[in-house]
Amino acid sequence: RPRSDSGALRVSRHAMTYAALWTPALFQLLAAAAMWGFAHACFVLLPKYLAVELGVGAREIGRTMGAFGIASVPMAGVAGYVVDRRPYRVSIAWGAALLALSAIGFACVENFGAHVYALRALQALANALIVTAVGVAVVEITPPSRHAQAVGLTGAIMLAMNAVAPVATEPLAAAAGWNAVFALAAAAAIASLGCLVGMPGREHRSRRTLA
């Protein structure tokens, strides 16, 4: 009997730990990640937009897409600095707002130029803020034994949008134009902010304070 009780206790603890993963806060975070991931993935078809709407060649398209990766390196450092000193909700909000701003910027583009690279750099900062802040959020709202699972879930749902968004936006671009796609991206980014309302979180800051 003692062995049976011990086994039941272990099963009970395991069940409680598993149940603790699926909290309202995690569902909110997953919803925010999905909405932001969709908004970000609306730009998967950016090469087509550049070719069809702006009439640029392969060299300019390659540079535009590469600008995101190049800008991501310094932007990761900036994002780390911000997330370390602000609650994760603030960083996610900034990331969503910057992505929405970049989408509006693309809707205003009339010809190819340096401003296109600037918009891609803005998207790189938005991406760095979101990815970093989501990782921090996972640590704050899930039990330590489930951190890896929660990170996998949030990462998977954001990456899944890379498949979902192009399927939705390509027909939209053909029917209503690319500005409709950018408007949808901006709306999805802003909608992700609504998912953060009421989310718990430790108001963490580093020992250094901003001047």
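Me: Which helices do the buried residues of H4 pack against?
Reply: This is a predicted model, where local features need pLDDT of at least 70, side-chain atom pairs need 80 or more, and totals for chains, interfaces and linings use all residues. Residues are numbered from 1 along each chain as its sequence is written, and side-chain values use heavy atoms, with hydrogens and water left out. Helices are DSSP runs (H or I, at least four residues), numbered from the N terminus. The buried residues of H4 (under 20% relative accessible area, 1.4 Å probe, protein chains only) include Phe68 and Met75, and they pack against H2 (24-41), H3 (46-52), H5 (88-107) and H6 (114-141).

Me: How far apart are the end C-alpha atoms of helix H4?
Reply: Helix H4 covers residues 58-85, which is 28 residues. At 1.5 Å times one less than that number, H4 should span 40 Å. That agrees with the distance between its end C-alpha atoms, 41 Å.

Me: Where does H4 bend?
Reply: Pro74 is a proline that follows the bend within four residues. The bend, about 40 degrees, sits at Val73.

Me: Is Phe112 buried, partly exposed or exposed?
Reply: Phe112 lies in the loop between H5 and H6. Leaving out residues up to four places away in sequence, Phe112 touches (heavy atoms within 4.5 Å) Leu50, Leu54, Val56, Glu60, Thr64 and Tyr117. Its relative accessible area is 25%, so Phe112 is partly exposed.

Me: Which residues is Ser102 in contact with, leaving aside neighbours within four places in sequence?
Reply: Ser102 is in helix H5. Ser102 is buried, with a relative accessible area of 0%. Leaving aside those neighbours, Ser102 is in contact with Leu119, Leu122 and Gln123.

Technical notes
Helices (H or I, at least four residues) and strands (E, at least two) are DSSP runs, numbered from the N terminus. The bend at a residue is the angle between axes fitted to the seven residues ending there and the seven starting there. Buried means under 20% relative accessible area, exposed over 50%, partly exposed in between (1.4 Å probe, protein chains only).
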